[in-house]
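Biologist: Please take one part of this chain and look at it closely, working outward from there to the rest of the fold. I would like the cut-offs behind each term as you go.

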Amino acid sequence: MLLEKTTRMNFLFDFYQALLTDKQRSYMELYYLDDHSLGEIAESYGVSRQAVYDNIRRTEAMLEEYEEKLCLLEKFQQRTQMLAQLTTGITEQSMTVEVQLALIEQLKEWD
């Protein structure tokens with residue numbers, strides 16, 4: 001479960017980091033990407049561990065709100081799944097040309 005949350009937060013961060021403040025971006029990078037502890041981040045910034053924790057939790061909530069409204073991660077996952085289907089169908093020759101073209105059209109609509 002923790003790995004799933006970390007992976008999700010990393011994806012959300014990738015998509016929405018431009019919407020965050022410098023401090024939010026820095027805390028999230030240190031915590032999720034560089035695997036620093038709350039204490040290490042707090043020491044680096046001269047703040048309490050609780051302040052770092054609160055900032056990260058608020059930022060996580062913001063990222064989830066952005067995803068709820070913009071659905072960039074969901075669309076990415078759908079496209080990835082459809083491309084995998086299409087690739088499998090082509091390489092195994094288990095999909096008609098019509099189905100392949102329909103999937104390609106669906107991908108075009110999502111972009």
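Biologist: In which helix is the place of T91?

Modeller: T91 has its place in helix α5, where helices are DSSP runs of H or I with at least four residues, strands are runs of E with at least two, and both are numbered from the N terminus. Before going further, please note that this is a predicted model in which local features need pLDDT of at least 70 and side-chain atom pairs count only at pLDDT 80 or more, while totals for chains, interfaces and linings use all residues. Residues are numbered from 1 along each chain as its sequence is written, and side-chain values use heavy atoms, with hydrogens and water left out.

T91 counts as exposed because its relative accessibility is 60%; on this scale, buried means under 20% relative accessible area, exposed over 50%, and partly exposed in between, computed with a 1.4 Å probe on protein chains only. Helix α5 itself covers residues 72–91, and its 20 residues should span 28 Å at 1.5 Å a residue, which agrees with the 28 Å between its end C-alpha atoms. The expected span is taken as 1.5 Å times one less than the number of residues. Also in helix α5 is E74, which counts as partly exposed because its relative accessibility is 40%.

The buried residues of α5 are L73, M82, L86 and G89, and these pack against α1, α4 (49–70) and α6 (97–110), where contact means heavy atoms within 4.5 Å. M82 and L86 also belong, together with M95 and L107, to a separate core of 5 residues. A nonpolar core here is a set of buried Ala, Val, Leu, Ile, Met, Phe, Trp, Tyr and Cys residues joined through side-chain atoms within 4.5 Å. In soluble globular proteins, nonpolar side chains tend to be buried together.

Two backbone features flank this helix. In the loop between α4 and α5, C71 has a positive phi of about 55 degrees although it is not a glycine, and it is partly exposed, with a relative accessible area of 22%. Just after α5, Q93 takes a positive phi of about 50 degrees.

Distances from α5 to other parts of the chain help to place it. T91 and D34, which are 57 residues apart in sequence, lie 38 Å apart from C-alpha to C-alpha, and E74 and S44, 30 residues apart along the chain, have C-alpha atoms separated by 34 Å. One residue on from D34 in number, D35 is found in the loop between α2 and α3; its phi is near 60 degrees, a positive value in a residue other than glycine, and D35 is exposed, with a relative accessible area of 66%.

The largest nonpolar core has 16 residues, of which M9, L12, M28, I41, V52, I56 and L63 touch the most other members. The elements giving two or more residues to this core are α1, α2, α3 (38–45) and α4. Outside the window of four places in sequence, I41 touches Y27, L30, Y31, H36, V52 and I56.

M28 and M9 also take part in the packing of α1 (residues 2–16) on α2 (residues 22–33): K5, T6, M9, N10 and F13 of α1 meet R25, M28, E29, Y32 and L33 of α2. By class, this contact has 5 nonpolar, 2 polar and 3 charged residues, with Ala, Val, Leu, Ile, Met, Phe, Trp, Tyr, Cys and Pro counted as nonpolar, Asp, Glu, Lys and Arg as charged, and the others, Gly among them, as polar. The two helices pack at an angle of about 145 degrees, with their axes 11 Å apart; axes are lines fitted to C-alpha atoms over the stretch in contact, and angles run from 0 to 180 degrees between N-to-C directions.

Finally, α4, one of the partners of the buried residues of α5, also reaches α2. T59, found in helix α4, counts as buried because its relative accessibility is 0%, and it touches L20, Q24 and M28, leaving out residues up to four places away in sequence. R57, likewise placed in helix α4, counts as partly exposed at 26% relative accessibility and, with neighbours within four places left aside, is in contact with K5, Y31 and Y32.
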